[in-house]
Amino acid sequence: MSEPAPSASFLDTLRRIGRLAAPYFRSEEKWKARALLATIVALNLLAVYMLVLNNQWFGRFYDALQNKDQTVFWREIGVFCWIAAGFIVIAILKFYLTQLLQIRWRAWMTRNYLGRWMADHTFYRLELARYATSGGDAPTPDNPDQRIQEDMQMFTDYTMTLSMGLLNAVVTLASFVGILWVQSGTASFTLGGHAFTVPGSMVWVALLYCAAGTTITHLIGRPLIGLNFRQQRYEADFRHHLVRVREYSEAIALDRGEKVEHAQLDTRFGAVLKNYLQLIKAQKNLVAFTASFGQASVIFAFIVQAPRFFSGAIQLGQLMQVNSAFGRVQDSLSWFVDNYDRVAVWRATADRLTTFDAAMRAHADASPALSRSIGAAGGLQAADLDVSLPDGTLLMQHAALTLAPGDTVLLQGPSGSGKSTLFRTFAGIWPFARGSVALPQDAMFIPQRPYVPDGRLRDALAYPRPATDYDDAQLKTALGDALLPALASRLDDIDTWSQKLSGGEQQRLAIARVLLRKPRWLFADEATSALDEAAEASLYRRLSAEVQAAGGAMVSIAHRASVGAFHDKRWTLVPSTDGAAARYTVVST
């Protein structure tokens, strides 16, 4: 699935934004959300009404100044205080309720997207799908962390700000266009020997002025859409690589890979800078025009109405009222001009979220090619199993494997033959497989490189179950049985365990989890590759005894011949011959 083209039509973008925004207002929080939104809209309408009162006040106040009428002057000062107080109260309420709606909306979207991303191994499968096309391209959404954390915050913020701003612009235009029509009078001029009269002249002047400004702004600012889209991606790529350097700091340091990683970071940051320089150049051109457009509008109405004022046709108060009304109409019509750069960011953000949403929907709607069931009484049953790589390369075809209670099986084969991929297929997380797999209940898989979360050691040991499922005695016993007795006194220590524990200690911690959970069926993928042979033998004897006592079975991937002593059967991946479509064939002995 490809990223949407940043040059897609604006109406298409609005439809995408609508599809992103609508679910929240139809969710279980819909009544609170709609009530907050309705209140915010009402406050915006009230704020426009206050602007109308302010415009009327301008006429009375400046007429009082021109007539040197102190009584009216001081009375209008009091009226202004009431209007100003109303503005302040409305502004405070509008700000608070808008922020409240934004954070509620963001919280709901974040929970919704996180739930879908984490469900059914979507987070894992989307990463696999990024490299499923030839050439190593990444057609599916990159950096889902950024899309969930940053893009959702920006989307809710910009959607509320820009939509309420547009509402204000429309209502302000509707409120002031009539005032401007009446106050600006009728303009008369002669063209080609013919006399013309134009009622509401300043309305037409405002329309022409803003139409020209909007057209020029769009032509100047259009590159911002694609530049903002790419800027968010480059920033996320740079941040992602920084995180990887932190996660693999020890391996990089041991390999003396600092220069390589520095070069990689420089390359990614170079893309950030290059695009950002293009972005600020485009923004500079846009700011130059919008600033000129805005400054010209300050005196534009005075210039147009000056002949009427100096001829005595209108008083100072009416001139100021016309200028105020023109300013409001011009501001409303210039909403697009004033917000073009923000609209570009909003559009790019919406496109990124739309792509992410579509990718997760496509994954959820896809029919699995692998039929998988849990709870088979007889053990593992795999039939007519085809396993492929993400690029479509067929690793094995029509494989049929059976695992019965009491079996201990060693899975062997050349590196890259698909041993780990077969385990992922058994676990149900590999999407590029066909056939059927029946897996017994209470099965546990140990990867070669286990995940060790940061935080308390007891939480890392009990993962993914809560530490409260076990008492201290159980945790300490598991650590001792897994040859980690030194950690038994550190259960409540908080640390970055993935950095502090060696590879062998992390593998022993994963085995300690097995000893805690006591699964009947165990699948171990190079689970002791970082251990010495004595420790490996001790732990395999313990694991084998555990599953045998529970009436289950064990399957291991290992390259050391010594591990074979703890298994009584073999599944061997051997290269296919006779022009077979698959690279390997599974031989059971």
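Two strands are taken to pair if DSSP finds at least two bridges between them, and the helices (H or I, at least four residues) and strands (E, at least two) named below are DSSP runs, numbered from the N terminus. This is a predicted model, in which local features need pLDDT of at least 70 and side-chain atom pairs count only at pLDDT 80 or more, while totals for chains, interfaces and linings use all residues. Residues are numbered from 1 along each chain as its sequence is written, and side-chain values use heavy atoms, with hydrogens and water left out.

Strand 12 (residues 553-557) is a convenient place to begin. Four bridges join this strand to strand 6 (residues 408-412), the two running parallel, and within this pairing Leu 410 has Ser 556 as its bridge partner. Strand 12 also pairs with strand 11 (residues 521-525), again in the parallel sense, over five bridges, and here Asp 525 stands opposite Ile 557. Between strand 11 and strand 12 the chain passes through helix 18 (residues 533-549), and this β-α-β crossover is right-handed, a term used if, with the strands pointing away from the viewer, the path from the first strand over the helix to the second runs clockwise. Five of the five residues of strand 12 are buried, where buried means under 20% relative accessible area, exposed over 50%, and partly exposed in between (1.4 Å probe, protein chains only). Ala 553, Val 555 and Ile 557 point one way from the strand, Met 554 and Ser 556 point the other way, and all are buried.

Helix 18 itself carries a salt bridge, which is defined as a side-chain nitrogen of Lys or Arg within 4 Å of a carboxyl oxygen of Asp or Glu. The side chains of Arg 542 and Glu 546 meet there with an N to O distance of 3.2 Å, and the two residues lie four apart, about one turn of the helix. Arg 542 counts as partly exposed at 31% relative accessibility, and Glu 546 is likewise partly exposed at 21%.

The structure holds 20 salt bridges, and one of them joins Glu 76 to Arg 60, with the closest N and O atoms 3.0 Å apart. Because Glu 76 lies in helix 3 and Arg 60 in helix 2 (residues 30-67), this pair ties together parts that are 16 residues apart in sequence. Glu 76 counts as buried at 2% relative accessibility, whereas Arg 60 is partly exposed, with a relative accessible area of 36%.

Another salt bridge links Arg 458 with Asp 492, whose closest N and O atoms are 2.8 Å apart. This pair connects distant parts of the chain, 34 residues apart, since Arg 458 belongs to helix 14 (residues 457-462) and Asp 492 to the loop between helix 15 (472-481) and strand 10 (494-495). Arg 458 is buried at 10% relative accessibility, while Asp 492 is partly exposed at 47%. Both residues take part in a network of salt bridges that also includes Arg 456, Asp 459 and Asp 472.

Helix 12 (residues 340-365) offers a check on geometry: at 1.5 Å a residue its 26 residues should span 38 Å, and the end C-alpha atoms are 37 Å apart, which agrees; the expected span is 1.5 Å times one less than the number of residues. Of these 26 residues 19 are buried, so helix 12 is largely enclosed by the rest of the structure.
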